[in-house]
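Trainee: Could you take me through one part of this model closely? I would like to see how a single helix sits against the rest of the chain.

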Amino acid sequence: MTKFTFALAALGTVAAFQAHAETAATATAPAAEAVVVADADGTGNYSFDEVQLAYPTVTADQFKAADTDGDGVLSAEELKAAEEAKAFEN
């Protein structure tokens with residue numbers, strides 16, 4: 001019975017160590033910062049200037065490529081698709 005208790009305690013120690021190691025690794029990993037594009041004029045769309053405030057390196061060509069309907073602004077869906085495709089990262 002003593003060997004069983006010792007083995008159980010050892011197993012618990014290993015499990016606790018692994019859990020701590022995973023938590024420590026997660027805690028030290030840099031968190032990705034969420035980029036927020038503000039709809040400053042309240043139109044429900046995003047102009048080049050509004051996108052450029054959040055993504056300073058975005059070019060006019062990148063913006064035009066994301067504007068799939070060609071209306072000169074990005075809808076919420078176009079913006080989301082561009083962000084998911086990392087279209088504004090240089």
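Mentor: Happy to; here is a look at the last helix and its surroundings.

This is a predicted model, in which local features need pLDDT of at least 70, side-chain atom pairs count only at pLDDT 80 or more, and totals for chains, interfaces and linings use all residues. Residues are numbered from 1 along each chain as its sequence is written, and side-chain values use heavy atoms, with hydrogens and water left out.

The protein has four helices and zero strands, where helices (H or I, at least four residues) and strands (E, at least two) are DSSP runs numbered from the N terminus. Of its 90 residues, 19% count as buried; buried means under 20% relative accessible area, exposed over 50%, and partly exposed in between (1.4 Å probe, protein chains only).

Now to α4 itself. Its buried residues are Glu78, Leu79 and Ala82. They lie on the same side of α4, because they cover an arc of only 100 degrees around the axis, the arc being that of the directions from the helix axis to the C-beta atoms. These buried residues pack against α2 and α3. On the other side of α4, Glu77, Lys80 and Glu84 are exposed.

Two of those exposed residues are partners: the side chains of Lys80 and Glu84 meet in a salt bridge at 4.0 Å, N to O. A salt bridge here is a side-chain nitrogen of Lys or Arg within 4 Å of a carboxyl oxygen of Asp or Glu. Lys80 and Glu84 are four residues apart in α4, about one turn of the helix, and the structure holds one salt bridge.

Back on the buried side, Leu79 and Ala82 belong to the largest nonpolar core, which has 12 residues. Such a core is a set of buried Ala, Val, Leu, Ile, Met, Phe, Trp, Tyr and Cys residues joined through side-chain atoms within 4.5 Å. Other members include Val37, Tyr46, Val51 and Phe88. Leaving aside neighbours within four places in sequence, Val37 is in contact (heavy atoms within 4.5 Å) with residues including Leu79, Glu83, Tyr46 and Val51.

The two ends of the helix deserve a glance too. In the loop between α3 and α4 sits Ser75, which is buried at a relative accessible area of 17%. Leaving aside its neighbours within four places in sequence, Ser75 is in contact with Asn45 and Tyr46. Beyond the other end, α4 is followed by Lys86, whose phi is positive, near 55 degrees.
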